[in-house]
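Colleague: I have the model open. Please show me how to read its interfaces.

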Protein chains: 2
Amino acid sequence: MTDANVGGRVTIYDVASKAGVSTATASKALNDTGRMAAETRARIRRVAEELGFRPNALARSLTSKRSFTVGLLTDDIYGRFTLPVMAGVSEGLIDQGVSVFLCSVGGDPALARIHLDAMLDKQVDGIIATGKRVDRPLPIDFSAVPVPVVYVLTEGPAEAITLVPDERQGAREAVRHLIQRGCRRIAHITGPEHFLVVRERALSYRQTLEAADLRVPAADVLYGTWSEHWGHEAVARLWSFDERPDGIFCGNDQIARGVMDALRERGAAIPHDVAVVGFDNWEIVAEETRPPLTTIDMNLKELGRQAGLTLVRLVNGEEIEKGLLQLPCKLVVRSS
Amino acid sequence: MTDANVGGRVTIYDVASKAGVSTATASKALNDTGRMAAETRARIRRVAEELGFRPNALARSLTSKRSFTVGLLTDDIYGRFTLPVMAGVSEGLIDQGVSVFLCSVGGDPALARIHLDAMLDKQVDGIIATGKRVDRPLPIDFSAVPVPVVYVLTEGPAEAITLVPDERQGAREAVRHLIQRGCRRIAHITGPEHFLVVRERALSYRQTLEAADLRVPAADVLYGTWSEHWGHEAVARLWSFDERPDGIFCGNDQIARGVMDALRERGAAIPHDVAVVGFDNWEIVAEETRPPLTTIDMNLKELGRQAGLTLVRLVNGEEIEKGLLQLPCKLVVRSS
DNA sequence: CTGAAAGCGCTTACAG
DNA sequence: CTGAAAGCGCTTACAG
């Protein structure tokens with residue numbers, strides 16, 4: 001038996017010829033479309049299997065107008081936030097045979113344009129725009145893009161579909177956890193106030209305390225930087241007051257680490273004297289603190305998965321409500 | 001003036017028709033192939049520009065047998081090592097119009113197979129396999145893959161092209177830096193001995209000391225885990241000996257952070273009493289230590305860029321020497 | 001139930 | 001110098 005084509009991969013023509021049918025029939029058999037004798041269909045499939053036939057997705061896309069490909073643009077390839085998002089997108093879409101183009105464009109509009117055009121030339125079915133801050137847009141405008149766009153963890157236009165973690169709910173879970181542990185004087189040490197998430201979390205912190213009839217402590221919210229150093233320093237500041245907190249809700253896990261270091265240096269037992277809750281569940285930090293850190297997980301992978309699934313629904317022409325979609329965060333209880 | 005096709009994107013047919021030539025001529029004009037009157041070429045290009053013509057890459061690939069697409073498989077989407085690699089690949093290839101499919105497969109061979117097949121169906125021109133450990137292969141065998149494969153930061157078969165950082169050179173730079181600073185009793189606190197990089201760095205550490213006629217200290221190499229905690233503990237162990245080191249080369253930046261915390265607690269001034277060098281240049285750690293950490297950067301982005309360029313050369317049929325390619329690391333001097 | 005024909009949007013020999 | 005034709009590998013009406 002000789003192959004019909006020389007050195008090439010096996011095509012639907014090879015399958016059809018070996019099965020003694022036309023390529024049209026072979027196509028229908030393999031795609032389970034049209035009507036034909038069950039026996040014919042089975043035979044064609046058997047032959048395809050034997051030959052190891054894999055359809056050329058490019059050729060298929062040319063007629064079907066679907067490439068089963070989406071583009072993922074990010075301005076933050078190094079950051080740890082968008083990575084789980086990407087993994088979630090990829091994981092959520094592979095079941096549907098969709099592959100993901102990745103590109104990181106930093107803050108460069110020209111580079112973003114080039115990458116976006118390259119993807120559109122390759123006929124992506126849709127675009128996912130993702131970043132590291134929910135209150136900053138990517139350096140490029142997607143409004144003229146001829147395919148659906150979904151925004152994740154970045155600022156999208158008002159009429160777009162944007163997926164973000166539910167920051168308020170996350171902060172509420174954190175503070176409630178501290179209250180349930182018996183804390184009555186709960187402080188909040190967090191990042192720079194110009195971050196939207198910082199303001200959201202701080203607002204929710206206050207509301208949760210008030211809802212529990214707990215007085216907001218004198219020091220209230222301490223804004224600073226996203227660093228261990230700031231956590232350290234903020235504790236020094238808090239400890240200069242008479243009334244010291246018995247619980248600290250931190251704006252991220254790095255701050256929490258600095259806070260815990262400082263508490264240990266002051267001889268405060270964690271969580272006995274002061275309980276600490278972080279934010280991010282950045283495992284490499286949260287599992288390394290002494291004791292391991294209780295914190296809030298933003299479910300970023302799930303966020304990515306939902307974004308991918310939503311995008312595919314848009315591609316399929318489904319009507320989906322526009323606007324901001326906030327997905328719940330999850331408290332991860334460790335020992336702090 | 002009316003568009004020839006309804007609601008669709010503009011095709012080469014539209015360009016040809018508006019320019020009053022055949023699609024063959026239009027194609028040649030736009031691709032700068034064939035011979036034709038300069039005026040004709042210019043006119044066709046002008047029309048294409050006016051119409052905003054962007055060639056459909058799928059259609060082009062179908063004839064040209066080049067998709068200008070490569071697949072990137074990783075087992076480590078969360079890790080910070082493969083991410084710069086990916087960014088480098090993407091950055092290195094965009095100039096040639098090549099887009100990158102990303103997929104993370106964890107350790108799952110079945111998932112890897114599915115992703116790989118999906119990419120091959122989409123006619124990727126080549127594959128980059130990347131991971132988090134140079135001494136562990138991905139959970140899938142690429143030997144039957146019909147396109148070139150390049151391995152980066154993962155174990156590939158002997159006859160393959162594999163790119164990794166030059167661990168020995170990196171370690172040498174670190175130790176030499178300490179020697180130049182005047183350190184004479186240099187210890188090495190590092191990760192688990194079953195990591196190849198740990199053994200490579202330790203070997204290079206010893207060779208460099210010997211080459212400088214410096215005695216390897218009693219404690220020699222301390223193997224442990226990749227954690228701050230271990231750095232902390234290792235210092236305690238070293239400080240139990242009579243002769244204490246005046247320089248410490250750490251196997252990674254996290255260990256270095258633990259070491260520095262421990263030194264500070266013991267009242268040792270950094271770098272005056274004890275100088276510290278890390279490994280990885282994980283900026284989020286290295287810039288946060290007190291003082292900021294001098295460390296070794298593995299140039300991972302450049303590694304990725306080289307991998308991408310190498311892959312494209314293979315795709316173009318160039319002959320490239322097989323085997324392990326080690327790219328140099330770089331000392332980043334901060335204040336420790 | 002099955003096949004011939006046309007077409008997706010390009011490119012590439014081959015004629016003229 | 002330019003164009004008609006064939007082809008890349010599929011799918012999709014349309015006939016029969």
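**Reading the interfaces**

Modeller: Start at the DNA: helix 2 of chain B contributes four residues to the surface near DNA strand C, the most of any element. Helices (H or I, at least four residues) and strands (E, at least two) are DSSP runs, numbered from the N terminus. "Near" means that a heavy atom of the residue lies within 4 Å of the strand. This is a predicted model: local features need pLDDT of at least 70, side-chain atom pairs count only at pLDDT 80 or more, and totals for chains, interfaces and linings use all residues. Residues are numbered from 1 along each chain, chains are lettered from A and ligands numbered from 1 in the order written, and side-chain values use heavy atoms, without hydrogens and water.

Colleague: Which residues come nearest to DNA strand C?

Modeller: A:Lys28, A:Arg35, A:Lys65, B:Ile12 and B:Ser27, out of 25 around the strand. Of the strand's atoms within 4 Å of the protein, 67% belong to sugar or phosphate; the rest are in bases.

Colleague: Which polar contacts should I look at?

Modeller: A polar contact is a pair of N or O atoms within 3.5 Å; within protein, one must be able to donate a hydrogen and the other to accept it, and residues adjacent in sequence count only if both atoms are side-chain atoms. Take B:Ile12: a backbone N or O atom lies 2.7 Å from a phosphate oxygen of DNA strand C. B:Asn31 places a polar side-chain atom 2.9 Å from a phosphate oxygen of the strand. At B:Ala59, a polar backbone atom is 3.3 Å from a base nitrogen.

Colleague: How are chains A and B related?

Modeller: Two copies of a chain are related by a rotation about an axis and a shift along it. Here, 180 degrees with 0.0 Å of shift superposes chain A on chain B, RMSD 0.0 Å. The copies are thus related as by a two-fold rotation axis. The fit is least squares on C-alpha atoms of residues with pLDDT of at least 70 in both. In chain A, the C-alpha of A:Phe101 comes closest to the axis, at 2.2 Å.

Colleague: What is the area buried between chain A and chain B?

Modeller: Buried area is the accessible area (1.4 Å probe) that two parts lose on being put together, summed over both. Here it is about 4,600 Å², with 56% from carbon and sulfur atoms.

Colleague: How many salt bridges cross that interface?

Modeller: Eight, by the rule: a side-chain nitrogen of Lys or Arg within 4 Å of a carboxyl oxygen of Asp or Glu. One joins A:Asp121 and B:Arg54, at 2.5 Å, N to O.
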